[in-house]
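Q: Hey, I've just opened this one and don't know my way around yet. Can we go through it bit by bit?

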Amino acid sequence: HGLEGVSLRAINAAAGLSDVGEFREQPCGFERLSARCGYMRVPQDHGATDDIKIQFPVVILSNPNVEARAPVVVVGGGGPGNSLGLDEASVHYYQTLFAHTFLARGHAVILMDQRGVGQAIPSTGCVEIVEELERSFAEVSNDHLEWGGTKRAMRRCQQRLSSVGVDLIRYDTLASAADLEA
């Protein structure tokens, strides 16, 4: 059965994590893997009562042939800023990595990206910075790189994200940890 509308508490209460929001299951779109996929919806600001919701992707791997035990949560990326990689090839890697350890012992493995990265909505990716760096590196002369354009690109990115309601102060490691504790 699906996990539509079920809180994460129902998935991982035994792991000591509290209800962090609502899990909305969606098809994984994987051709060779069996997994549960979806998004967790959480407040952008855990301290606010009437805040916009954000979502981040979750993939749940399990072994139906053994008795279920407390799940293991693998939070992806780092910084935050980098995605764990929840595409089929990456998930296959994690499934293989954990096949003889956690999965063999009945632990579900919950893979998740941090807020703002990978397939999270909204994305805090800054194409403005990438484009400016590509342009700057192409124009490097005498091993000198001008960073003024990159600073302007950072401001443009910040303005673009702010204009659509993204509060960048809410996209750090503490906020990602709060997604697990809320």
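Q: What do Cys 28 and Cys 37 form?
A: They form a disulfide, and their sulfur atoms sit 1.9 Å apart. Keep in mind that this is a predicted model.

Q: Remind me, what's a disulfide in general?
A: It's a covalent bond between the sulfur atoms of two cysteines.

Q: OK. Is the link of Cys 28 and Cys 37 right-handed or left-handed?
A: Right-handed, with 105 degrees about the S-S bond.

Q: And Cys 37, buried or exposed?
A: Buried, because its relative accessibility is 7%, and the cut-off for buried is under 20%. Its partner Cys 28 has a relative accessible area of 24%, so Cys 28 counts as partly exposed.

Q: How many disulfides are there in the whole structure?
A: Two turn up in a search of the whole structure. Besides the pair we just discussed, Cys 126 is joined to Cys 157, with 1.8 Å from S to S.

Q: Which hand does the link of Cys 126 and Cys 157 have?
A: Left-handed, with -60 degrees about the S-S bond.

Q: And what does that pair tie together?
A: Parts that are 31 residues apart in sequence, because Cys 126 lies in the loop between β6 (107–112) and α3 (127–138), while Cys 157 is in helix α4.

Q: How accessible are Cys 126 and Cys 157?
A: Cys 126 is partly exposed, at 21% relative accessibility. Cys 157 has a relative accessible area of 1%, so that one is buried.

Q: What pattern do the disulfides follow along the chain?
A: Counting the bonded cysteines along the chain, the pattern is 1-2, 3-4.

Q: Let's switch to charges. Which residues form the positive surface patch?
A: Lys 151, Arg 152, Arg 155 and Arg 156 form a positive patch on the surface.

Q: Where's Arg 152, and how accessible is it?
A: Arg 152 is in helix α4. Its relative accessible area is 47%, so Arg 152 counts as partly exposed.

Q: One more from that helix: where is Gly 149?
A: Gly 149 is in helix α4 too, which covers residues 148–163. It's buried, with a relative accessible area of 5%.

Q: And how far apart are Gly 149 and Ile 129?
A: In sequence, they're 20 residues apart. In space, Gly 149 and Ile 129 are 8.8 Å apart, going from C-alpha to C-alpha.

Definitions and conventions: Residues numbered from 1 in each chain as written. Predicted model: local features only at pLDDT ≥ 70, side-chain atom pairs only at ≥ 80, totals over all residues. Heavy atoms only, no water. Helix = DSSP H or I, 4+ residues; strand = E, 2+ residues; numbered from the N terminus. Buried < 20%, exposed > 50% of the residue type's maximum accessible area, 1.4 Å probe, protein only. Disulfide = S-S within 2.5 Å. Patch = residues over 30% accessible without salt bridge, like charges linked within 9 Å, V, L, I, M, F, W, Y side chains within 5 Å. Areas by Shrake-Rupley, 256 points an atom, 1.4 Å probe, with all protein chains shown as cover. Salt bridge = Lys/Arg side-chain N within 4 Å of Asp/Glu carboxyl O. Lys, Arg positive; Asp, Glu negative; His and termini not counted. Charge placed at Lys NZ, Arg CZ, Asp CG, Glu CD.
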